[in-house]
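Please work through the following exercises with the sequence and the structure at hand, taking each solution one step at a time.

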Amino acid sequence: MKITRAWVNICSPGRNFVTLKVETDEGFYGLGDATLNGREMAVASYLTEHVVPCIIGRDPFQTEDIWQYLYRGAYWRRGPVTMAAIAAVDVALWDIKGKALQTPVYNLLGGKSREGVLVYAHAHGNSTEEVIADVQKHMEMGYLAVRAQSAIPGLDSTYGVPKKAQPYEPAERGLPSESRWSSELYLRHTPRLFEKLRAAIGEDVHLLHDVHHRLTPIEAARLGKELEPFHLFWMEDPVPAELQEGFKIIREHTTTPVATGEVFHSIWDAHDLIRNQWIDYIRMSVVHSGGLTHLKKVADFASLYHVRTGCHGATDLSPVTMAAALHFGIAVHNFGIQEHMPHSAETNAVFPHAYSFKAGYMYPGDAPGLGVDLDESLAKKYPYQRAYLPINRRLDGTLTDW
Ligand code: CS2
Ligand code: MG
């Protein structure tokens, strides 16, 4: 079998998505997500200008050699743009392989290790009462794990809480919006939030929280310690992760489990975190870390150190990534949990898929390949519009992490 054609689809059914479609001489085609929120066109161009010419004529079954060719052969390696482009090719080839062998991709990753993929939902609110009500709403929907994010008294806006009553979508059209941040106000509010939340909902549901890269290690250590009585499933992205050793300080002070990695793009971003057991969950996603070929290797390395997967699954990762993540999540042994931020109705119409949700778990379905498609004619109705993630500044105007 040979790759005969590959091209990039860019559309915006509610938000921007970049998808690679790869066709073969035997009529099979595969899809790969290449969406990098706020930098979509960089990945589209990297694929179209530099990658696609190199894969035409190759055997799509050679996922390992093609991965190595695109990773080592570029000379300039790693980085979110490069690894999202490699991921798009890699996932499309796994899709083709499954379709050609008439089997779901999970069977090519070791087969089912469990019946369903445990997922967590997003709850938020502008007050503690609203957060409690939203967590309870998701529990009634069947979720067994819920992430809770709250507005911070004294701040106009914060990560994870929509400004109006619509689903949370951080990417905004036009130039980046600017928000204000105070770690002091956040650290004062958050332990109280989870004290009231745990008291209201009991111990039976997993609670997660995303700090979103905003604290220093000692601040995160303080937060983790103050959250211990409320038994969080994890405290996510407590600090920016360029300094992997920063997590050692957190670990020395608290037993609250730590998750990080959604902005990582290769094992080298997490190598020290994992082998020193400074984290409990690795959040790297199929689309941003080189695809299934690389992510399987990351999971296997992590399994040596009691670190489990907790893949990123926000709405800026397309249904192609969601499908691939569920095939990965049902197969990999050291699976932890999968993020599930449901896509909009327009997005789901453009990307029809076989995966489903039921009683706290998701299921990839048994269609050959990934079980997801791209309705290209419908996609045309949603043209791309440049959008940016917000910029964040401390109260004194100092630029900080969003
Ligand atoms: C967040 C994401 O889902 C998460 O854990 O960190 O919403 C993240 O902010 C976006 O994916 C950024 O594009
Ligand atoms: Mg996050």
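**Exercise 1.** How many helices and how many strands are there in the chain?

*Solution.* The model is a predicted one, and counting along its chain gives 12 helices and 18 strands. The next step is to set the radius of gyration of the chain, 20 Å, beside the 21 Å that the globule rule gives for 402 residues; the two values are close, so the chain is as compact as a globular protein of that length.

**Exercise 2.** Work out what share of the residues is buried, and how contacts are spread along the sequence.

*Solution.* With buried meaning under 20% relative accessible area, 59% of the 402 residues of the chain fall into that class. Turning to contacts between residues at least 6 apart in sequence, one finds that 72% of them join residues at least 24 apart.

**Exercise 3.** Which residues coordinate the magnesium ion (ligand 2), and where along the chain do they lie?

*Solution.* The coordinating residues are Asp 210 (OD), Glu 236 (OE) and Glu 262 (OE), at 2.0 to 2.2 Å from the ion. Read along the chain, these donors follow the spacing D-x25-E-x25-E. Asp 210 belongs to strand β8 (residues 206-210), whereas Glu 262, 52 residues apart from Asp 210, sits in the loop between β10 (258-260) and α8 (271-275), and the pair thereby links distant parts of the chain.

**Exercise 4.** Decide whether Asp 210 and Glu 262 are buried or exposed.

*Solution.* The cut-off for buried is under 20% relative accessible area. Asp 210 has 3% relative accessibility and therefore counts as buried; Glu 262, at 11%, counts as buried too.

Definitions and conventions:
Residues are numbered from 1 along each chain as its sequence is written. Chains are lettered from A and ligands numbered from 1 in the order in which they are written. This is a predicted model: local features need pLDDT of at least 70, side-chain atom pairs count only at pLDDT 80 or more; totals for chains, interfaces and linings use all residues. Side-chain values use heavy atoms; hydrogens and water are left out. Helices (H or I, at least four residues) and strands (E, at least two) are DSSP runs, numbered from the N terminus. The radius of gyration is taken over C-alpha atoms; the globule rule is 2.2 Å times the number of residues to the power 0.38. Buried means under 20% relative accessible area, exposed over 50%, partly exposed in between (1.4 Å probe, protein chains only). Contact means heavy atoms within 4.5 Å. Donors are N, O and S atoms within 2.8 Å of the metal (3.2 Å for Na, K and Ca); water is not among the atoms, so sites may look incomplete.
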